[in-house]
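Work through the following exercises with the structure open. Each task is followed by a solution in steps.

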Amino acid sequence: MSDVRAAARGLLTRDGRYLLLEADFDAGTRYVLPGGGVDFGETHAETVEREVREETGLDVDAGAVVDAYTFTVEYGGGAHHVSSVVLACEAGAEEVDVTGNVDDEPLVGHVWATPADARELPLADGLPESLFADAADAGIARER
């Protein structure tokens with residue numbers, strides 16, 4: 001089976017760092033932006049706000065589109081072509097909690113990474129390093 005899927009992801013920032021979720025896939029640990037598939041009748045902003053809440057427990061207001069990318073991934077017995085839009089979001093001071101995740105992504109932790117650190121992580125399929133173009137040097141604030 002092959003299909004095309006629209007997705008929306010949030011680029012959450014806090015104190016100059018980006019939120020990346022740690023996921024354990026069959027191919028190993030990869031880092032993803034919070035987000036997922038657009039449901040019928042939903043806007044990209046509504047998708048990001050819903051998915052961020054489901055995956056992290058955070059309530060955000062999705063802002064402007066900052067990037068878009070496409071990729072193909074194999075899972076569930078077929079190829080899936082994903083077209084993903086990335087929206088900017090400002091994260092508040094609330095704690096991230098991936099343990100309540102209701103999606104099927106195997107989320108096990110998260111990091112708040114500087115742009116330079118984010119480019120060094122094993123990013124998920126298709127996630128462009130160019131999202132993290134603003135260079136800065138500092139350690140990753142890793143939480144599990």
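**Exercise 1. Strand pairing**

How many bridges join S2 to strand S3 (residues 28-32), and in which sense do the two strands run?

Solution. The model is a predicted one. Step 1: count the bridges between S2 and S3; there are five. Step 2: read the direction; S2 and S3 run antiparallel. Step 3: pick out a partner; Leu21 is bridged to Val32 in S3. Step 4: look at the connection; a hairpin of two residues leads from S2 to S3.

Now find what joins S2 to strand S7 (residues 107-113).

Solution. Step 1: six bridges join S2 to S7. Step 2: these two strands run antiparallel. Step 3: on S7, Ala113 is the bridge partner of Tyr18.

**Exercise 2. Aromatic pairs**

Find the aromatic pairs of the structure and classify each by its geometry.

Solution. Step 1: two aromatic pairs are present. Step 2: take Tyr18 and Phe132, whose ring centres are 5.2 Å apart with 65° between the planes. An angle over 60 degrees counts as edge-to-face, and the pair of Tyr18 and Phe132 is therefore edge-to-face. Step 3: place this pair in the chain; Tyr18 belongs to strand S2 (residues 17-25), while Phe132 sits in the loop between helix H2 (115-120) and strand S8 (141-143). The two residues are 114 residues apart, and their pair links distant parts of the chain. Both Tyr18 and Phe132 are buried.

Step 4: turn to Tyr69 and Phe71, with 5.9 Å centre to centre and 20° between the planes. Planes under 30 degrees apart count as stacked, so the pair of Tyr69 and Phe71 is stacked. Tyr69 and Phe71 are both buried.

**Exercise 3. Helix H1**

Check the span of helix H1 (residues 44-56) against its expected value, then describe its buried residues and its end.

Solution. Step 1: H1 has 13 residues, and at 1.5 Å a residue it should span 18 Å. Step 2: the end C-alpha atoms of H1 are 18 Å apart, so the two values agree. Step 3: list the buried residues of H1, which are Thr47, Val48, Arg50, Glu51, Val52, Glu55 and Thr56. Step 4: go past the end of H1 to Gly57, which follows the helix and has a positive phi, near 80°.

Why does Arg50 count as buried, and what is it in contact with?

Solution. Step 1: Arg50 is found in helix H1. Step 2: Arg50 counts as buried because its relative accessibility is 16%, and the cut-off is under 20%. Step 3: leaving aside neighbours within four places in sequence, Arg50 is in contact with Gly37, Asp39 and Glu42.

Definitions and conventions: Residues numbered from 1 in each chain as written. Predicted model: local features only at pLDDT ≥ 70, side-chain atom pairs only at ≥ 80, totals over all residues. Heavy atoms only, no water. Phe/Tyr/Trp six-rings, centres within 6.5 Å; stacked < 30°, edge-to-face > 60°. Helix = DSSP H or I, 4+ residues; strand = E, 2+ residues; numbered from the N terminus. Buried < 20%, exposed > 50% of the residue type's maximum accessible area, 1.4 Å probe, protein only. Pairing = 2+ DSSP bridges. Expected span 1.5 Å × (residues − 1). Contact = heavy atoms within 4.5 Å.
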